[in-house]
Amino acid sequence: MESIVSWLTLLGFGDKGWGDELLRGALLSVEISISAYVVGLALGLAGALAKLSKRRTAVFVAVAYTTIIRSIPDILIIFLVYYTATDAVRSVVTFTGLASEFQINGFVAATLSLGIVQGGYSTEVLRGAIAAIPRGQAEAAYALGLTRRQTFFLVTLPQMIPLALPGLGNLWLVVLKESSLVSLIGFTELVLAGKMAAGATRDYFLFYCAIAFVFLVMSSLSATLFHALETSTANTGRHR
Amino acid sequence: MTEFGQCLASQLLAGIQTTVILFVGCALVGNLLAIPVALARLSAKAWLRYPAVAFILAFRGTPLLVQLYLCYFGVGQLLAGVPSIRYSPLWPMLRGAYCYAFLTLSLNTAAYCGEIWRGAIQSIPDGQHEAGQSLGLSKTRIMISVLLPQAFRLALPAIGGQNILLLKGTALASTITVFELMGAANLVRAQTFRVYEPLFAAALGYFLLAVLVTTGFGFFERRLARRY
């Protein structure tokens with residue numbers, strides 16, 4: 001009984017509890033996941049279009065990108081992007097003489113590195129969705145005199161979204177879980193906040209269970225949400 | 001070769017050995033455990049099905065990093081609190097991070113692959129099961145001789161992908177002080193303050209290992225496809 005009370009105090013809000021720190025960490029986790037997801041989708045869309053294009057160099061670059069992302073551990077890519085990006089930005093800033101001491105924003109660095117990893121996964125999902133749309137759709141659009149850009153945004157994109165939705169849901173779950181990795185480059189999201197709390201109170205088991213539980217709730221909620229979205233969009237654009 | 005190059009090469013070679021051992025061990029145990037997990041998940045008995053559902057949900061719903069932390073720091077702390085374990089001759093083994101990494105990665109693979117197997121078993125047409133029944137085969141026999149071999153062919157591409165993810169997952173074992181390829185690269189980085197050489201060398205190592213695993217699974221897939 002006493003231990004339960006002390007656990008609740010530790011997880012609660014206020015001076016002695018770490019609840020507010022954990023909550024702030026969870027919010028940052030969600031924020032970083034959303035921004036990395038968006039960055040990843042933009043990169044993925046570019047990658048998918050490059051893979052489906054007729055230009056040899058574009059195809060080569062996109063294939064190299066996805067192959068590297070798929071075969072090298074995410075944490076290694078995150079480290080590499082983090083160091084190269086910070087070094088590059090710092091050298092540019094000091095070269096132009098804007099500032100002598102420059103520190104890249106942790107959120108930006110984390111988003112960028114996570115987004116680049118996510119872009120590789122998104123490429124495959126979006127490529128599959130675009131390729132699943134019959135060629136006749138694009139041909140019909142060209143026959144109607146639409147430009148390539150109009151064809152993509154008005155014809156291909158709206159039709160591919162229901163097709164891509166299951167994959168996009170999976171990608172969101174992946175990025176939500178991968179966001180834990182940015183704790184290793186020193187960004188205080190849920191895992192690092194919990195690690196600090198665990199280190200300070202020496203209640204490792206309690207705090208790691210709490211983190212795992214928060215992640216479980218977040219991923220279950222998103223899975224339910226995406227499932228509802230899938231069922232509500234499943235029939236649009238197909239049965240006409 | 002310079003002194004730095006030699007130091008880097010020797011550390012990374014030691015690291016890559018640990019990575020390979022960890023990967024092969026976890027792949028074997030994880031993939032073998034996946035089948036009972038899938039069968040329990042599909043079982044009609046509630047006392048078998050619900051634990052399997054909970055197991056899969058817990059391991060697929062949380063990040064691998066948190067699982068490793070929870071297992072190593074959390075469970076390790078609980079075990080250290082029990083005197084009969086703390087002072088047992090097994091303690092030196094239980095204290096090391098290696099067995100926690102091994103356990104977590106194996107269970108993680110078992111959960112993901114179990115879900116793949118479940119999908120594969122469920123996607124086999126009902127007629128196969130009914131044909132087995134009409135031949136008078138027992139339930140176990142139908143599962144072993146009819147359903148599982150066909151499910152294996154369906155599941156193999158996804159299982160190959162999952163094993164690549166396992167290879168990538170072993171890199172996280174460095175966070176709980178297992179000295180594998182990623183850990184070796186981090187050590188050299190911290191000792192020499194050179195960032196790019198160790199990280200790129202480790203990336204190359206993982207890339208080659210991934211190519212090896214992909215080729216192996218591709219070979220296996222072609223062999224299986226040919227037999228029918």
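Is Glu139(A) buried, exposed or partly exposed? Glu139(A) is partly exposed, because its relative accessible area is 42%. Buried means under 20% relative accessible area, exposed means over 50%, and partly exposed lies in between (1.4 Å probe, protein chains only).

This is a predicted model: local features need pLDDT of at least 70, side-chain atom pairs count only at pLDDT 80 or more, and totals for chains, interfaces and linings use all residues. Residues are numbered from 1 along each chain as its sequence is written, chains are lettered from A and ligands numbered from 1 in the order in which they are written, and side-chain values use heavy atoms, leaving out hydrogens and water.

**View 1. Chain A is built from nine helices and zero strands.** Helices (H or I, at least four residues) and strands (E, at least two) are DSSP runs, numbered from the N terminus. The C-alpha trace of chain A spans about 75 × 55 × 30 Å along its principal axes. Of the 240 residues in chain A, 42% are buried. Among contacts between residues at least 6 apart in sequence, 73% join residues at least 24 apart. Contact means heavy atoms within 4.5 Å.

**View 2. Glu139(A) and Arg135(A) meet in a salt bridge.** The N to O distance is 3.4 Å. A salt bridge is a side-chain nitrogen of Lys or Arg within 4 Å of a carboxyl oxygen of Asp or Glu. Both residues lie in helix H6 (residues 135-143) of chain A, four residues apart, about one turn of the helix. Arg135(A) is exposed, with a relative accessible area of 67%. By this rule there are six salt bridges over all chains.

**View 3. Arg127(A) and Glu124(A) form a salt bridge in helix H5 (residues 106-131) of chain A.** Their closest N and O atoms are 3.9 Å apart. The two residues are three places apart, about one turn of the helix. An α-helix has 3.6 residues a turn, so residues three or four places apart point the same way. Arg127(A) is partly exposed at 28% relative accessible area. Glu124(A) is partly exposed too, at 23%.

**View 4. Arg118(B) and Glu115(B) form a salt bridge in helix H6 of chain B.** The closest N and O atoms are 3.1 Å apart. Arg118(B) counts as buried, because its relative accessibility is 17%. Glu115(B) is also buried, at 17%. Elsewhere, salt bridges that share partners join Lys51(A), Glu124(A) and Arg127(A) into one network.

**View 5. Glu180(B) is buried yet has no salt bridge.** The nearest side chain of opposite charge, Arg189(B), is 11 Å away. For charge, Lys and Arg count as positive and Asp and Glu as negative; His and the chain ends are not counted. Glu180(B) lies in the loop between helix H8 (139-169) and helix H9 (181-192) of chain B. Its contacts include Gly15(B), Thr18(B), Ser174(B) and Tyr206(B). Thr177(B) lies in the loop between H8 and H9 of chain B. Phi of Thr177(B) is near 65°, a positive value in a residue other than glycine. Thr177(B) is exposed, with a relative accessible area of 59%.

**View 6. Phe152(A) and Phe153(A) form an edge-to-face aromatic pair.** Their ring centres are 5.2 Å apart, with 80° between the planes. Rings of Phe, Tyr and Trp (its six-membered ring) pair if their centres lie within 6.5 Å; planes under 30 degrees apart count as stacked, over 60 as edge-to-face and the rest as tilted. Phe152(A) is buried, at 12% relative accessible area. Phe153(A) is partly exposed, at 47%.

**View 7. Tyr204(A) and Phe73(B) form a stacked pair.** The ring centres are 5.8 Å apart and the planes lie at 25°. The pair crosses between chains, from helix H9 (residues 204-233) of chain A to helix H3 (residues 64-81) of chain B. Tyr204(A) is buried, at 19% relative accessible area. Phe73(B) is partly exposed, at 23%. Both belong to one aromatic cluster, with Tyr208(A), Tyr69(B), Tyr72(B) and Tyr100(B).

**View 8. The charged end of Arg189(B) sits over the ring of Phe79(A).** The charged end is 5.0 Å from the ring centre. A charge sits over a ring if NZ of Lys or CZ of Arg is within 6 Å of the ring centre and within 35 degrees of the ring normal. Arg49(B) sits likewise over the ring of Tyr50(B), its charged end 5.2 Å from the centre.
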